[in-house]
Amino acid sequence: MKQCKWYSTCPIKRFNEKGLLDKSWPNRYCLNNGKQCVRYEMEECNIPHPDWMLPDGSLEKRLENE
Ligand code: SF4
């Protein structure tokens, strides 16, 4: 398993460190080279997306101000 190249700057890292997310998110996506992560694909294509968008593309409004 390899860490996603965006991890150091990704808000998912911050949410994870704050204990706001189930560990399955970083485990499944961020430590798996960003495979199948919607955020990863959007970063690659320079498509704007909100910080509170999860790796599967769903929006988690409760994270909006975190
Ligand atoms: S959420 Fe996606 S883009 Fe962000 S670090 Fe994890 S795998 Fe990479």
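User: Is tyrosine 29 buried or exposed, and what is its relative accessible area?

Analyst: Good place to start! Keep in mind that this is a predicted model. To read burial, take the relative accessible area and see whether it falls under 20%, the limit for buried. Tyrosine 29 has a relative accessible area of 6%, so this residue is buried.

User: Which residue shares an aromatic pair with tyrosine 29, and how are the planes of the rings set?

Analyst: For a ring pair, look at the distance between centres and then at the angle between planes; planes under 30 degrees apart count as stacked. The structure holds 1 aromatic pair. It joins tyrosine 29 to tryptophan 25: the ring centres are 6.1 Å apart and the planes meet at 20 degrees, so the pair is stacked.

User: How far is tryptophan 25 from aspartate 56, in sequence and in space?

Analyst: Here you read two separations side by side. Along the chain, 31 residues separate aspartate 56 from tryptophan 25, while their C-alpha atoms are 9.0 Å apart. Aspartate 56 belongs to the segment after helix 3. Its relative accessibility is 40%, so aspartate 56 counts as partly exposed.

User: Now for empty space. How many cavities of 30 Å³ or more does a search of the whole structure find?

Analyst: The general idea first: rolling a probe the size of a water molecule over the atoms shows where empty space is left. In this model, the search of the whole structure finds 1 cavity of 30 Å³ or more. The largest cavity holds about 100 Å³ of space. It is lined by 13 residues, and those closest to its centre are Cys4, Cys10, Cys30, Cys37 and Arg39.

User: Which helix gives the most to the lining of the largest cavity, and how do the lining residues divide by class?

Analyst: Helix 3, residues 38-44, gives the most, with 3 residues. By class, the lining has 10 nonpolar, 1 polar and 2 charged residues. When you read those classes, remember that Cys and Tyr count as nonpolar here.

User: What takes the space of the largest cavity?

Analyst: The ligand does: the space it takes is the largest cavity. To see its surroundings, list the residues around it; among them are Cys4, Tyr7, Cys10, Ile12, Cys30, Cys37 and Arg39. Tyr29, the stacked partner of tryptophan 25, is also one of the residues around the ligand. The shell around the ligand divides into 9 nonpolar, 1 polar and 1 charged residues.

User: Let's turn to the backbone. Where is asparagine 33 found, and what is its phi?

Analyst: With backbone angles, check the sign of phi and then the residue type. Asparagine 33 has phi near 65 degrees, a positive value in a residue other than glycine. You will find asparagine 33 in the loop between helix 2 (24-28) and helix 3. Its relative accessible area is 38%, so asparagine 33 is partly exposed.

Asparagine 46 is another case to look at: its phi is near 55 degrees, again positive in a residue other than glycine. Asparagine 46 lies in the segment after helix 3, and with a relative accessible area of 71% it is exposed.

User: One last pair: how far apart are the C-alpha atoms of leucine 21 and leucine 54?

Analyst: They are separated by 9.7 Å, with the two positions 33 residues apart along the chain. Leucine 21 sits in the loop between helix 1 (11-17) and helix 2, and its 9% relative accessibility makes it buried. Leucine 54 is in the segment after helix 3; at 2% relative accessibility, leucine 54 is buried too. From leucine 54 you can also step to lysine 35, which is 19 residues away in sequence and 13 Å away in space, C-alpha to C-alpha.

Definitions and conventions: Residues numbered from 1 in each chain as written. Predicted model: local features only at pLDDT ≥ 70, side-chain atom pairs only at ≥ 80, totals over all residues. Heavy atoms only, no water. 1 Å grid on protein atoms, 1.4 Å probe; cavity = no way out; pocket = protein on both sides within 12 Å on 5 of 7 lines; lining within 4 Å. Points joined across faces, edges and corners; volume = space filled by probe spheres on them. Helix = DSSP H or I, 4+ residues; strand = E, 2+ residues; numbered from the N terminus. Near = heavy atom within 4 Å. Sits in = over half its atoms within 2 Å of the grid points. Phe/Tyr/Trp six-rings, centres within 6.5 Å; stacked < 30°, edge-to-face > 60°. Buried < 20%, exposed > 50% of the residue type's maximum accessible area, 1.4 Å probe, protein only.
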